[in-house]
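The report that follows describes one protein chain, beginning with its aromatic side chains and moving on to its sheets and overall dimensions. Please keep the sequence and the model in view while reading.

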Amino acid sequence: MNRRERPAWWPSKRAPVALLGLLLLGSCGRVEQPLNSFDSQGPIAERINDLFWPVFWIAVVIFVLVQGALLVAVFLFRERKGKQRPEPKQLKGNTRLELLWTVVPTLILAGIAVPTVTTLFELADCPRGAMEIEVIGHQWWFEYRYPDSGVVTANVMVIPEDTEVCAKMTSDDVLHNFWIPKLAGKRYLVPGQETEQRLYAEEPGEYWGHCAEFCGLSHARMRARVVSMTQGDFDAWVDNQLLPAATPDAGSVAEEGMEVFLAGACIGCHIIDGVNNPDPATLTVAAPDLTHFASRHVFAGATLPTGLNPTRTDWEESLRLWLNDPPEWKPGSFMQYLGLTADEIDALVAYLSTLE
Ligand code: CUA
């Protein structure tokens with residue numbers, strides 16, 4: 001091919017350079033990276049990183065050696081007018097060489113396999129005495145149940161810092177995958193089966209995650225969030241979660257909101273402890289328990305409000321948009337368009353804000 005000729009689909013000579021530059025610049029941003037799996041915040045995620053980096057560097061060395069040898073061969077023995085090098089000596093059946101290229105990769109693979117398999121087994125099962133939390137995957141949100149205390153919540157998993165936590169996971173419908181990159185690896189939630197995931201946060205903090213298995217139309221709207229706190233704060237959180245819902249002041253807008261909740265389709269799926277206490281078996285579909293809805297700061301599969309540090313106003317605005325038409329934000333949502341009026345939505349937002 002003539003040097004100046006380019007295929008018709010090739011945008012420009014500089015396009016690949018520009019693309020590479022963009023990719024490199026993309027890694028320089030000083031943005032928060034809530035899903036950065038290299039920024040481990042606990043011993044379990046750290047074990048995975050400790051495994052990743054040696055394997056990565058071994059792969060880099062092998063890549064450079066193999067590609068280097070390839071480039072040298074291509075360059076030295078390329079076709080040149082008049083200056084063709086003689087064909088190099090051909091080797092056939094060199095026992096020493098064959099032994100070498102069998103033994104060396106075997107040793108490298110064995111060297112990688114031993115720590116890999118050890119780590120896999122160590123992280124596979126929860127140690128005894130770990131704090132259990134049940135994780136149930138739904139299309140498209142995570143439910144958390146605490147068997148020790150009886151707390152039931154959704155979207156935000158609260159754990160005490162410096163504590164070995166054992167997530168006992170299953171799914172209510174299809175395959176999901178629970179992934180909190182800064183705390184642990186990925187693990188499937190399988191309908192009809194129980195899988196375990198170890199979690200351990202060293203410090204109080206917020207850790208974002210995401211469902212890591214395509215699970216239907218709104219898979220992209222299925223986030224997970226873990227909040228770790230001191231033991232004292234955690235105990236206070238448990239005590240608060242066990243209280244029945246706050247009662248709105250008589251004659252307030254929030255009270256109107258409670259009436260909208262009780263009169264509408266909401267009670268077909270949602271429970272607010274002390275307000276409606278249906279037999280869970282009679283609910284149409286499983287939906288988040290709303291008793292302490294406002295204490296979670298996020299909703300709709302932990303995707304609203306958007307952004308990492310939303311304000312209370314952002315929360316209320318997002319809630320208005322959500323109540324107006326849930327499937328618009330979360331396509332396929334089991335929470336349907338309910339045809340609520342603006343006044344009903346305002347009342348519901350006022351009421352839900354009291355459910356701390
Ligand atoms: Cu659940 Cu993807």
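## Aromatic rings

Ring pairs link Phe 38, Phe 52, Trp 53, Phe 56 and Trp 57 into a cluster, where rings of Phe, Tyr and Trp (its six-membered ring) are taken to pair if their centres lie within 6.5 Å, with planes under 30 degrees apart counted as stacked, over 60 as edge-to-face and the rest as tilted. The model is a predicted one, in which local features need pLDDT of at least 70 and side-chain atom pairs count only at pLDDT 80 or more, while totals for chains, interfaces and linings use all residues. Residues are numbered from 1 along each chain as its sequence is written, and side-chain values use heavy atoms, with hydrogens and water left out.

Across the whole structure, a search finds 16 aromatic pairs. In the pair formed by Phe 293 and Phe 299, the ring centres are 5.7 Å apart and the planes stand at 45°, so this pair is classed as tilted. Phe 293 is buried, at a relative accessible area of 7%, and Phe 299 is buried as well, at 3%; buried means under 20% relative accessible area, exposed over 50% and partly exposed in between, with a 1.4 Å probe and protein chains only.

## Charges over rings

Two arginines are placed over tryptophan rings, by the criterion that NZ of Lys or CZ of Arg is within 6 Å of the ring centre and within 35 degrees of the ring normal. The charged end of Arg 223 sits over the ring of Trp 208, at 4.7 Å from its centre, and Arg 312 lies over the face of Trp 315, with 4.5 Å to the ring centre.

## Two open sheets

Helices (H or I, at least four residues) and strands (E, at least two) are DSSP runs numbered from the N terminus, and two strands pair if DSSP finds at least two bridges between them. One open sheet of five strands, with mixed pairing, has the order β4-β10-β9-β6-β7. Its edges are β4 (156–160) and β7 (186–189), each of which has a single partner strand, so one side of each is left without a neighbour in the sheet. Neighbouring strands in this sheet are turned by 25° against each other on average, direction ignored. Strand β6 (residues 176–179) runs antiparallel to β7 and is joined to it by four bridges, and Asn 177 stands opposite Tyr 188 in β7.

Another open sheet of five strands, also with mixed pairing, follows the order β3-β2-β1-β5-β8. Here β3 (151–154) and β8 (195–199) are the edge strands, each pairing on one side only, and the twist averages 25° from one strand to the next. Five bridges join β5 (residues 165–171) to the antiparallel β8, where Glu 196 is the bridge partner of Lys 168.

## Helix α4 against the strands

Helix α4 (residues 231–242) lies across β4 and β10 (223–229), running at about 135° to β4. The helix also lies across β1 (131–138), β2 (141–146) and β3, at about 95° to β3. Contact here means heavy atoms within 4.5 Å, and axes are lines fitted to C-alpha atoms, for helices over the stretch in contact, with angles running from 0 to 180 degrees between N-to-C directions.

## The chain as a whole

The secondary structure comes to eight helices and ten strands. The radius of gyration, taken over C-alpha atoms, is 28 Å, well over the 21 Å that the globule rule gives for 356 residues, so the chain is more spread out than a compact globule; that rule is 2.2 Å times the number of residues to the power 0.38. Along its principal axes the C-alpha trace spans about 100 × 55 × 35 Å, and 36% of the 356 residues count as buried.
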